[in-house]
Amino acid sequence: WPVIKLMVFASLASPLLVPLRAPNMIVEAVGPTTGGKTTGMRIAQSCWRSGAFPIQTWNNTVNGFEAKAHVNTDMPLFIDDTKTAIDQGKGSNVAKVIYQHVSGRGRGRAARDGGQRATQIWRSIMISTGEVQASDLAKAEGAATRVLSMWSNPTGKTTPETAKKIDRIEKMTSHSYGHAGRRMVQWLCKHREKWPHLIKLYENVATSIREEFGSTAASRLAKVIAILEVSSYVASSAGIVPWEFKPLLEDERIRKVLTESIA
């Protein structure tokens, strides 16, 4: 399940923004209903909290998103179902949220006494799902290349065997959770001497993405893919995930997902 792997790496990557001096990012899984997107989200959020924890939807105000992002600084921000924004006539909010999330800064607002309210700031990686790409909703304002959109059914074809796996996963993530993110932070704190190596890996991967794909989209998304690779590296080094580290573009199935996203 390459899309879910990438969602997990994105979830674990938020604490890396400081040591890598990386910008805020957005990763989304997009596809038809009953394709495993919510399952992927539950697995990704189980790194930090119960997989059964209610996930905020896109049916919210821009102010609401700002407040949530501020509270979740250095943690991932999970937003589900872009279709809810359309159904409630809030599709135009998506572009504003994308720009503000990536900038890491809310709008300046006046206080009741005529002064200036404190501006909300944050560092975070947003993980989104939906039947409609957030980048499509935001395209009119040029925000498309700020989002890594993975168009795929995360769990593949819906079969009786897949349904059993999903049911088991949902039970597991509601009973065992919150360990992976903590171990990620502990490893980063314990191995500060490795931060320069992580920075070099991040920069080298971003450069190789730009050179290999040579498009404007690749240039904008290079840092997103690079931080996912560093997250994969740290997660493997810390023993958080049950597989050895392998560069993302050397994994045939993950490479296919990322190539389609860039295209």
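**Exercise 1.** Determine how strand E3 is paired with strand E4 and with strand E2.

*Solution.* E3 and E4 (residues 125-130) run parallel and are joined by 3 bridges; two strands count as paired if DSSP finds at least two bridges between them. Helices (H or I, at least four residues) and strands (E, at least two) are DSSP runs, numbered from the N terminus. The model is predicted: local features need pLDDT of at least 70, side-chain atom pairs count only at pLDDT 80 or more, and totals for chains, interfaces and linings use all residues. Residues are numbered from 1 along each chain as its sequence is written, and side-chain values use heavy atoms, leaving out hydrogens and water.

Next, take the partners: Leu77 is bridged to Met126 in E4, and Gln56 has Ile79 of E3 as its bridge partner. E2 (residues 56-57) pairs with E3 in the parallel sense over 2 bridges.

**Exercise 2.** Place E3 in the sheet and describe its side chains.

*Solution.* The open sheet has 5 strands in the order E2-E3-E4-E1-E5, with parallel pairing. E2 and E5 (147-151) are the edge strands, each pairing on one side only. Within E3 (residues 77-80), Leu77 and Ile79 point one way, Phe78 and Asp80 the other, and all are buried, that is, under 20% relative accessible area (1.4 Å probe, protein chains only).

**Exercise 3.** Which helix holds Lys37, and is Lys37 buried or exposed?

*Solution.* Lys37 lies in helix H3 (residues 37-45). Its relative accessible area is 10%, so Lys37 is buried. Beyond its neighbours within four places in sequence, Lys37 is in contact (heavy atoms within 4.5 Å) with residues including Met7, Thr129 and Pro154.

Definitions and conventions. Buried < 20%, exposed > 50% of the residue type's maximum accessible area, 1.4 Å probe, protein only.
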